[in-house]
Structure formats: structure tokens, C-alpha cells
Amino acid sequence: MPETTTPESTVALPAGFEHLSRYASWVLPTERERIAARLDRPYPESVEFYKGMLAEQERIMSHLLTVPVAEATPEDMALMHMTFAFLEIANAVEVYGESEVPDGADLRLFVSTLDGQPARV
Amino acid sequence: MTDLDDRTLEALDAEFAAAPDPHRWIKKYPELGTGPISTDRFISEEFFERERKEVFAKSWLNVGSRHDFTGPNSFFVRDIKLLGVSLLVVQDENGKVQAFHNVCSHRGNKLIWEKDGACPKLFACRFHGWGYAHDGELKEVPDEEVFHFDKKDWGLVPVRTEVWNGFVFVNLDDDGTEDLHEYLGPLGEKLKDFPFDILSLFARFDVPERANWKVALDAQNEIYHVPMLAPLHRFLAGGAFSSNDEGYTRIHDFERLGRHSVYKSDSDDDFEETATGKVNSGVSPSFSELKLPLDVPFAFHVIFPNMVLAFFGNQLFTYNIWPEAVNQTTWEIRLHYPAATNLAEWALNEQAKNRFRDLLCEDQAGHEALQVGLESRARDSFVLGDQEIQIRAFHKNLDEQMERAENA
């Protein structure tokens, strides 16, 4: 049986958002990974992701508005991590027109020491 | 005949009223002066030593907040390299907070090596197992009978500790008599009822900088740079801060508050958000609400000597600017937002954090470049304008503290 080309890793997303699994490689749970993706992935790829997500942003945020933090499912969190990556890339595309902060410090210095932890109330 | 003759008196009055005095703030605080300021303060080892002994060793220093505790009966460790101390800050089962020198009384070992956590039954030294209760009392000495002392005299050494609105302060001057309430003075009064408890700590950055601590503080203590410095700053200058007709920022208010200060800025109505910002505003009206009781959307308080407590919309940001050497500093940044109740609010907090973080990233490179320029000694002084009066006030407070310490 000939090997099929490796499909993009699938990710489980909430109902109605399954078509966003084409962005599975942008489901990045930590700030460290998201900043790395912003800096390391080719800028045109970031722009394509940004445009695709911008078109969905209203639907995504309307859905997220209905989910209390304590009731988030793994599918909701996958959508969240994809949205976080979108909001990371948004600065690059909307403000800078490039991946880095021009003439700025290395973004990697600004990874939160609380990365990956929930907010402390 | 001049142009003036063509205009009515009313028109002239209106023109004058519309253009506020460009030297408004120095007229309110003439004691701050208008002369240049010496660059020596940022590059001199001698001045740095004086700051260590006369300012940091004698002031109330913010070393953490309630967010650093994991609950009642928990601790965190704060190392203050500048003063050569490590502090064990303990919150007991009743919520009382006390800092101790993190030093075992036996032979001086660093007692607790973890950063934070729940309090163990006894704080135990890994060298010989000596154990201390949460109130610092020495409770356990293995092989106690071979010693020649009374345990009661060899507990952990406490450090003056007080808490204000959840912020933990210590004072390393054992002979000092001014308590935190007196120290915070009018600033403490102004903010005493602020609902800090609705804010959650969302992110913390510990950013190393090759710059004098005051370079970082001064650079943040004004908004003159906002329309010029960098893309995100310029974007925010389009309305997140108020500006005059020429596009230069204008602070809304400035006050000296004892040895502390505050400056504020309003926002402009015509601020144009980014595409993602507009979508978010459209999804829910509550997203645009100001949940914090602020009279204007930006207020920047400097708590002498090295703390900033500031608000920007629904964000509380604090800075603790830790000097380590005359040209080396750790800029500790904490971002707080009202705790998210649903995932959309969480995503908005994430976006606000990203945006503010990029803003600081734009700033940080500038700090290091400033230090290089100062160290070149190209000039021995620098100049400040009326929109930088906050910086004058800070340096005056610094000089006054050093004078107080020398005359004590």
C-alpha cells in the first residue's frame, strides 16, 4: 500500500470549528512556543494564518464568551491556544509588518516566568 | 499693521485658552527647577554606592505581593542582590506576613533554596537539619545535647515587614522608625481603597538590562516619547494617550505625593483600533468597559525608590527596578487584569498582555542605548522639558533622601 503523504496532525476542536484543524500546527499551549513560532516561521505563513483567523475571529470570540473558565473542555483549550497564537501574530502583522519588534529587545527575553500557569487571582 | 490687528479680542482669548501653557507644570512645582541634570548619577560607582547605603538600605522596598503566596501557610524567597540578602517571606495560617533573613542560625547556610511553595511543617536546613517554625522560632536541633546555648535565642532573624493592599514591603534598616503607612503618605491615602483584589496576576517578566536602574525608571516615567519612539508606541499615540493639535502628548495631571509621585493621561476619542481590536469591541460591549475605578485611563505612580504602580485601561502594571551594578539592572514587570470569568475574557487579557509586552520590548533596547550614550561622557548633563517634570521630581526625591540619610 503506497504511503499517503503525512496529513497535518489533527487536533480536536469544538463543534463548528473543525475546519480550523488546518491550523493544527498553530495550537501552541505556551508563550515560549508562540513567540518562537512568531520569530521562526516565515512571515508569509504568519500572514496567511492571521488572515484565515481574522475571518473567523468574531465567531471564535462569540463562542469563547459562552464558556466559563472552569468548564473549558480540551477542545475549547485547543481553540484557545490557536487563538492565542493568532493574537501573538496579530501584533507582527498589524503593527510591524514583520515578525520581530524592529530595533527592539529580543522578544524571547519577555517570556513570562508564569508561562503555562493559570493567572493568580 | 500686523496680522493681530485683523483678529478680534475674543478670537485671541479663545486662542489663548485653547493652547495651554507649555510650562504649566514647572509653574505648579517651581522648586523642581529648570536646569540640566548631571549624567554622573547614572555612571558613577561612587553615586551607586551612596544609593545602596543611603536609599535602598533605608527605604521600604516592595518585594512581592499576595500573588506570590500559594495560599495561607505559604512562602516565597526574594533575593536582593544589591543588599546582599536573601529573604524568606512567610504567610502564616492566619494570613500574617513576616520576612526573615533566609539564613540558618547555626553556621549561616542559605536556609530555603526553593523559590516558593506551601510551608513545610518546619523550615529545615539541609546542612544539619535544624528546623524553624513559621514564626521563625528554632524548634529542632538534631543532637541538641552537644550544644551550649538556649534555642530560644537562635531563631530566624526577622526583617521589618508590612503589607499594603496586598503588596509586601520590607525595610532593612533595623533602626528606622517610619512605618509603611507614614512612608507611603499621600500616595497610600490616594490608593488605599482601590479594589486591587479584583485583579489577577497574568504575566511576569524579569528582564536583564545593561543600564543604570534610573535609566529604565526615567524612560518609563514620561509619555513624551510615545509618538516618536517605535511603531506600537506611535500607534498608541493615535489616541490611547491624549495629545495636542500637533500630535505631542500632554499629561493630564501631575502631583508630588511626599517622596512619591503620579502623572496621568487621558485618551482621545478618535483612537482607531487595529482590525483584531475592532472585532473584539464588536463581539461584546462589556469588552470595552473600564472595570477599574479610574478617572482617566492612564495613571503612573512612582513609589520611591524603585517601584512603579500604574494603570492602563483594565491593566495594572507594576515595575520593580532592581539595581545590581551601576550599569546592570533587572527590570521586573508584572501585568494584572481583572480575573477572566469566561474564555473570551481570558483571550482579551492575553491580547492586552501581548500588546503591552511588545511596547516594553520597544522600550528595552532604548534603555541599553541610553546607558552607552551616558557612559561616553559626551556631555556631563542632560535637559528635561515640562512634559518630563515627573523625572525632575524623582531625582529631587532621590537627592532629598540621600541628604536625610547623610544628616541622620
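In what order do the elements of chain A run from the N terminus on? They run α-α-α-α. The model shown in these views is predicted.

**Figure 1. Chain A has four helices and zero strands.** The chain counts 121 residues, and 47% of them are buried. Its C-alpha atoms fill a box of roughly 50 × 45 × 25 Å along the principal axes. About 6100 Å² of chain A is exposed. Carbon and sulfur atoms supply 55% of that area. Take the contacts in chain A between residues at least 6 apart in sequence: 73% of them join residues at least 24 apart.

**Figure 2. Helix 1 of chain A packs against elements of chain A and of chain B.** This helix spans residues 31-40. Its buried residues are Glu31(A), Arg34(A), Ile35(A), Ala37(A), Arg38(A) and Leu39(A). Within chain A, they pack against helix 4 (74-96). In chain B, their partners are strand 12 (199-209) and helix 9 (343-375).

**Figure 3. Two charged side chains sit over phenylalanine rings, one view in chain A and one in chain B.** In chain A, the charged end of Arg59(A) lies 4.6 Å from the centre of the Phe17(A) ring. In chain B, the charged end of Lys214(B) takes up such a place over Phe42(B). Here the distance to the ring centre is 5.2 Å.

**Figure 4. Chain B holds 10 helices and 19 strands.** Of its 408 residues, 53% are buried. The C-alpha atoms fill a box of roughly 105 × 55 × 35 Å, again along the principal axes. The accessible surface of chain B is about 18300 Å². Carbon and sulfur atoms account for 51% of this surface. Among contacts in chain B between residues at least 6 apart in sequence, 65% link residues at least 24 apart.

**Figure 5. Residues 60-170 of chain B carry the UniProt annotation "domain: Rieske".** The annotation comes from an unreviewed entry. The end C-alpha atoms of the span lie 5 Å apart. Strand makes up 41% of the span and helix 0%.

**Figure 6. Phe69(B) and Phe76(B) form a tilted aromatic pair.** Over all chains, the structure holds 36 aromatic pairs. In this one, the ring centres are 5.0 Å apart, with 55 degrees between the planes. Both Phe69(B) and Phe76(B) are buried.

**Figure 7. Phe241(B) and Phe298(B) meet edge-to-face.** Their planes stand at 75 degrees, over the 60 degree cut-off, so the pair counts as edge-to-face. The ring centres are 5.0 Å apart. The pair links distant parts of the chain, 57 residues apart. Phe241(B) belongs to the loop between helix 7 (231-237) and strand 13 (253-257) of chain B. Phe298(B) lies in strand 15 (residues 298-303) of chain B. Phe241(B) has a relative accessible area of 5%, so this residue is buried. Phe298(B) is buried too, with a relative accessible area of 5%. Both residues belong to one aromatic cluster, whose members also include Tyr263(B), Phe300(B), Phe312(B), Phe317(B), Tyr319(B), Trp331(B) and Phe356(B).

**Figure 8. A salt bridge joins Arg334(B) to Asp68(B).** Over all chains, the structure has 37 salt bridges. In this one, the closest N and O atoms are 3.1 Å apart. Arg334(B) lies in strand 18 (residues 328-338) of chain B. Asp68(B) lies in the loop between strand 2 (60-65) and strand 3 (74-80) of chain B. The two are 266 residues apart. Both Arg334(B) and Asp68(B) are buried.

**Figure 9. A salt bridge pairs Glu332(B) with Arg204(B).** The closest N and O atoms are 3.7 Å apart. Glu332(B) is in strand 18 of chain B and Arg204(B) in strand 12 of chain B, so the pair ties together parts that are 128 residues apart in sequence. Both Glu332(B) and Arg204(B) are buried.

**Figure 10. Glu350(B) and Lys353(B) form a salt bridge in helix 9 of chain B.** The N to O distance is 2.9 Å. The residues are three apart, about one turn of the helix. An α-helix has 3.6 residues a turn, so residues three or four places apart point the same way. Both Glu350(B) and Lys353(B) are buried. Elsewhere, salt bridges with shared partners join Asp68(B), Arg78(B), Arg204(B), Asp206(B), Glu332(B) and Arg334(B) into one network.

Methods:
Residues are numbered from 1 along each chain as its sequence is written. Chains are lettered from A and ligands numbered from 1 in the order in which they are written. This is a predicted model: local features need pLDDT of at least 70, side-chain atom pairs count only at pLDDT 80 or more; totals for chains, interfaces and linings use all residues. Side-chain values use heavy atoms; hydrogens and water are left out. Rings of Phe, Tyr and Trp (its six-membered ring) pair if their centres lie within 6.5 Å; planes under 30 degrees apart count as stacked, over 60 as edge-to-face and the rest as tilted. Buried means under 20% relative accessible area, exposed over 50%, partly exposed in between (1.4 Å probe, protein chains only). A charge sits over a ring if NZ of Lys or CZ of Arg is within 6 Å of the ring centre and within 35 degrees of the ring normal. UniProt positions are given in the numbering used here, feature names are shortened, and annotations may be inferred rather than shown by experiment. Contact means heavy atoms within 4.5 Å. Accessible areas come from the Shrake-Rupley method with a 1.4 Å probe; for residues, only the protein chains shown count as cover. A salt bridge is a side-chain nitrogen of Lys or Arg within 4 Å of a carboxyl oxygen of Asp or Glu.
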